[in-house]
Amino acid sequence: DAKIRIARAAAQFAKPGHTIALDTGSTTLEITRFLAEMADLRIITNNTRAASLLAETPHPVYLPGGRVRGRELSIYGSSAASFVASYHYDILFLGLSGVSEAGLFDYSPEDSEIKRAFIQRSDLVVALCDARKFNRQAMVRIAALNEIHVLVVEKSPPANLQTEIESAGVQVMGAPGAAGPATSRVFPSLILRMGEETVLEVKRF
């Protein structure tokens with residue numbers, strides 16, 4: 001499954017001692033199974049489904065107060081946004097409804113407010129995007145392309161989108177088993193650093 005492959009690849013960015021921001025969404029939910037196997041993480045999330053799974057691990061898990069949104073079971077509202085903005089995060093795992101040359105998009109205005117607060121407070125923003133979301137725009141623009149650092153995908157983006165992503169300085173990371181004719185160009189060796197620490201080095205597939 002594409003979402004599981006993306007989640008497994010993205011989870012490699014998490015290291016012991018990190019404070020993790022975990023956004024809402026089906027792909028970010030898949031990350032919980034990989035974070036659960038790691039040691040010494042602190043996790044802040046507005047994703048109640050993820051929190052309930054992670055609550056059974058040794059990791060401290062923090063939820064904001066606020067209103068719970070329907071089927072997604074995410075927490076939103078001004079108090080939730082203030083809570084999220086009061087922390088500093090080593091890494092944000094960000095869910096999307098779409099990505100285009102115009103930026104990153106989501107369907108929910110309520111969730112988008114929390115996503116923006118997470119982005120502003122995170123050292124490394126790792127966005128998760130399966131191929132169905134390429135060149136798609138939803139109701140709310142979350143951020144510009146250059147506000148994220150890594151886009152984790154299971155298939156190479158279309159040429160027009162790839163050009164804009166590269167121009168924005170975003171690293172594209174292919175999940176193992178990624179497909180696409182431009183694999184060697186799209187998924188080069190990747191070395192990301194936070195301060196003096198190398199957080200991940202991924203060799204060419």
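**Charged pairs, aromatic rings and nonpolar cores**

Lys115 and Asp106 are both buried, where buried means under 20% relative accessible area, exposed means over 50%, and partly exposed lies in between (1.4 Å probe, protein chains only). These two side chains also form a salt bridge, with the closest N and O atoms 3.9 Å apart; the term covers a side-chain nitrogen of Lys or Arg within 4 Å of a carboxyl oxygen of Asp or Glu. Asp23 joins Asp106 and Lys115 in a network of salt bridges. The model is predicted, so to read it fairly, local features need pLDDT of at least 70 and side-chain atom pairs count only at pLDDT 80 or more, while totals for chains, interfaces and linings use all residues. Residues are numbered from 1 along each chain as its sequence is written, and side-chain values use heavy atoms, with hydrogens and water left out.

By the salt-bridge rule, the count comes to 7. Side chains of opposite charge can pair when their charged atoms come close. Arg69 offers a helpful place to look, with salt bridges to Glu72 at 3.8 Å, N to O, and to Asp111 at 2.7 Å, N to O. The Arg69 and Asp111 pair links distant parts of the chain, 42 residues apart: Arg69 sits in strand β4 (residues 67-69) and Asp111 in helix α5 (residues 109-120). Helices (H or I, at least four residues) and strands (E, at least two) are DSSP runs, numbered from the N terminus. Arg69 counts as partly exposed because its relative accessibility is 24%, and Glu72 is partly exposed with a relative accessible area of 24%. Asp111, by contrast, is buried, with a value of 1%.

Turning to the aromatic residues, the whole structure contains 4 aromatic pairs. Rings of Phe, Tyr and Trp (its six-membered ring) pair if their centres lie within 6.5 Å, and planes under 30 degrees apart count as stacked, over 60 as edge-to-face and the rest as tilted. Tyr62 and Tyr87 form a tilted pair, at 6.4 Å centre to centre with 35° between the planes. This pair also links distant parts of the chain, with Tyr62 in strand β3 (residues 61-62) and Tyr87 in the loop between α4 (78-85) and β6 (89-95), 25 residues apart. Both rings belong to residues classed as partly exposed: Tyr62 has a relative accessible area of 35%, and Tyr87 has a relative accessibility of 27%. Ring pairs connect Tyr62, Phe83, Tyr87, Tyr89 and Phe118 into a cluster.

Phe118 appears again in the largest nonpolar core, which has 31 residues; Phe118, Leu94, Leu96, Val99, Leu104, Ile148 and Leu151 touch the most other members. Such a core is a set of buried Ala, Val, Leu, Ile, Met, Phe, Trp, Tyr and Cys residues joined through side-chain atoms within 4.5 Å. At least two residues of this core come from each of β5 (74-76), α4, β6, α5, β9 (122-128), β10 (140-143), β11 and α6 (159-167), and α5 gives the most, with 4 residues. Apart from this core lies another, of 25 residues, among them Phe13, Ile20, Leu128 and Met173.

Val99 has contacts (heavy atoms within 4.5 Å) that include Leu104, Cys129, Phe134 and Leu161, not counting residues up to four places away in sequence. Val150, in strand β11 (residues 150-155), is buried at 0% relative accessibility. Val150 and Val125 are 25 residues apart in sequence and 6.5 Å apart in space, C-alpha to C-alpha.
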